[in-house]
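Welcome to a short tour of this protein model. Have the sequence and the 3D view at hand, and let us walk through the sheet, a helix and the empty spaces together.

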Amino acid sequence: MRVFVTGATGFIGSAIVRELLDAGHQVLGLARSDAAAASLSAAGAEAHRGALDDLDSLRSGAASADGVIHAAFVHDFSDYAGAARTDRRAVETIGAALAGSDRPFVTTSVTFLLTPGQRGTEDDPADPASPSAVRMAAEEAALSLATRGVRTSAVRLPPSVHGEGDRGFVPTLIGIARTQGVSAYVGDGSNRWPAVHRLDAARLYRLALEEALPGSRLHAVADEGVPAREIADVIGRRLNLPVAAVPGERAEEHFGWIGHFFSVDNPVSSALTRKQLNWDPIRPALLPDLDQGHYFADRDD
């Protein structure tokens with residue numbers, strides 16, 4: 001299958017590209033720059049020049065492919081709503097190019113769309129009061145394409161997609177601990193984050209492309225819920241820093257933009273995903289992976 005991949009040179013996208021190529025697929029990766037194009041060529045993929053806000057490039061890439069994996073997102077949390085609007089327009093544009101073809105279209109969503117404090121399942125729709133409610137429109141737009149002749153599915157990623165090369169939420173927490181001189185958690189630290197290794201997530205994207213039913217919600221979750229206190233404990237131990245609680249009302253003062261997200265209780269099940277696609281995460285869980293040297297290599301003795 002010839003697969004058009006957005007976000008193809010990103011932390012997750014590059015793993016998806018490798019997974020697809022190793023499975024015998026051809027990959028056409030969206031590339032914003034010469035460096036990105038060169039990286040794709042070196043990996044054995046074909047580069048398609050364009051960007052997430054270049055709708056013509058998305059349209060032509062999708063039209064030339066047998067299927068699409070949309071893994072790109074503008075990670076600008078200073079304008080999260082704007083990033084979500086860009087994502088929705090990208091989904092709608094790709095979807096229009098695929099309409100009536102029965103081709104697969106795997107999009108990316110997040111588990112933070114689920115109701116906090118409840119063990120979320122794939123059957124649960126997005127909650128308008130959730131921490132990432134601004135991303136609801138893109139997920140709904142994607143899933144609605146199932147009625148327009150597109151075999152669409154939405155992979156909900158947890159807040160921690162971990163592994164070597166991670167530049168996401170957990171490295172941000174490590175940086176804050178170094179700056180503040182303390183590894184902190186919010187409240188009593190019992191709120192839970194789900195997690196997945198990026199290589200396990202990449203395999204799920206491939207399985208979704210190949211096998212997911214139209215309109216499927218899929219949970220890329222290996223750890224159903226790691227307590228925030230345990231994440232802070234590992235960071236504190238590795239950095240030789242004290243571990244302490246921060247009151248909820250001071251979360252954003254201490255953590256900045258990530259304080260809101262690090263306060264959320266987001267337990268999530270992936271039981272239906274595992275059963276439907278025979279997906280079995282085999283890579284290290286979050287805490288053992290966090291305890292590996294690669295997260296702290298630039299400061300390890």
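Let us begin with the sheet. In this predicted model, seven strands come together in an open sheet with parallel pairing, and their order is S3-S2-S1-S4-S5-S6-S10. Which strands stand at the edges? They are S3 (46-49) and S10 (216-219); each has a single partner strand, so one side of each is left without a neighbour in the sheet. From one strand to the next, the twist averages 25 degrees. As general background, strands of a sheet pair through backbone hydrogen bonds, in either a parallel or an antiparallel way.

Now look at some of the pairs. Strand S1 (residues 2-6) runs parallel to strand S4 (residues 67-70), and four bridges join the two. You can find one contact point at Val3, whose bridge partner in S4 is Gly67. S4 also pairs with S5, again in the parallel sense, over two bridges. Here Val68 stands opposite Phe105 of S5.

S5 is worth a pause. Is this strand mostly covered or mostly open? It is mostly covered, with seven of its seven residues buried. Pro104, Val106, Thr108 and Val110 point one way from S5, while Phe105, Thr107 and Ser109 point the other way; the residues on both sides are buried.

Next comes a helix. H8 covers residues 228-239, twelve in number, and spans 17 Å between its first and last C-alpha, close to the 16 Å expected at 1.5 Å a residue. Its buried residues are Ala228, Ile231, Ala232, Val234, Ile235, Gly236 and Leu239. In an α-helix there are 3.6 residues a turn, so residues three or four places apart point the same way. Just after H8 comes Asn240, which has a positive phi, near 55 degrees.

Finally, let us turn to the spaces. This table sets two pockets and a cavity side by side.

| Space | Volume | Nonpolar lining residues | Polar lining residues | Charged lining residues |
|---|---|---|---|---|
| Largest pocket | about 1,100 Å³ | 25 | 13 | five |
| Second largest pocket | about 210 Å³ | five | three | five |
| Largest cavity | about 60 Å³ | ten | two | no charged residues |

The largest pocket has a volume of about 1,100 Å³. It is lined by 43 residues, and those closest to its centre are Ala71, Ala72, Phe73, Val74 and His75. Several elements each supply at least two residues of this lining: helices H1 (11-22), H4 (80-98) and H6 (169-180), together with strands S2 (26-31), S5 (104-110) and S7 (160-162). S5, met above in the sheet, is thus one of the contributors to the largest pocket.

Which residues lie nearest the centre of the second largest pocket? They are Asp166, Arg167, Pro171, His294 and Tyr295, out of 13 residues that line it.

How many cavities of 30 Å³ or more does a search of the whole structure find? It finds one. The lining of the largest cavity includes Leu173, Ile176 and Ala177, along with Ile231, Ala232 and Ile235. H6, strand S8 (183-186), H8 and helix H9 (251-255) are the elements that give two or more residues to this lining. Ile231, Ala232 and Ile235 also appear among the buried residues of H8.

Terms used: Residues numbered from 1 in each chain as written. Predicted model: local features only at pLDDT ≥ 70, side-chain atom pairs only at ≥ 80, totals over all residues. Heavy atoms only, no water. Expected span 1.5 Å × (residues − 1). Buried < 20%, exposed > 50% of the residue type's maximum accessible area, 1.4 Å probe, protein only. 1 Å grid on protein atoms, 1.4 Å probe; cavity = no way out; pocket = protein on both sides within 12 Å on 5 of 7 lines; lining within 4 Å. Points joined across faces, edges and corners; volume = space filled by probe spheres on them. Nonpolar A, V, L, I, M, F, W, Y, C, P; charged D, E, K, R; others polar. Pairing = 2+ DSSP bridges. Axes fitted to C-alpha atoms, helices over the stretch in contact; angles between N-to-C directions.
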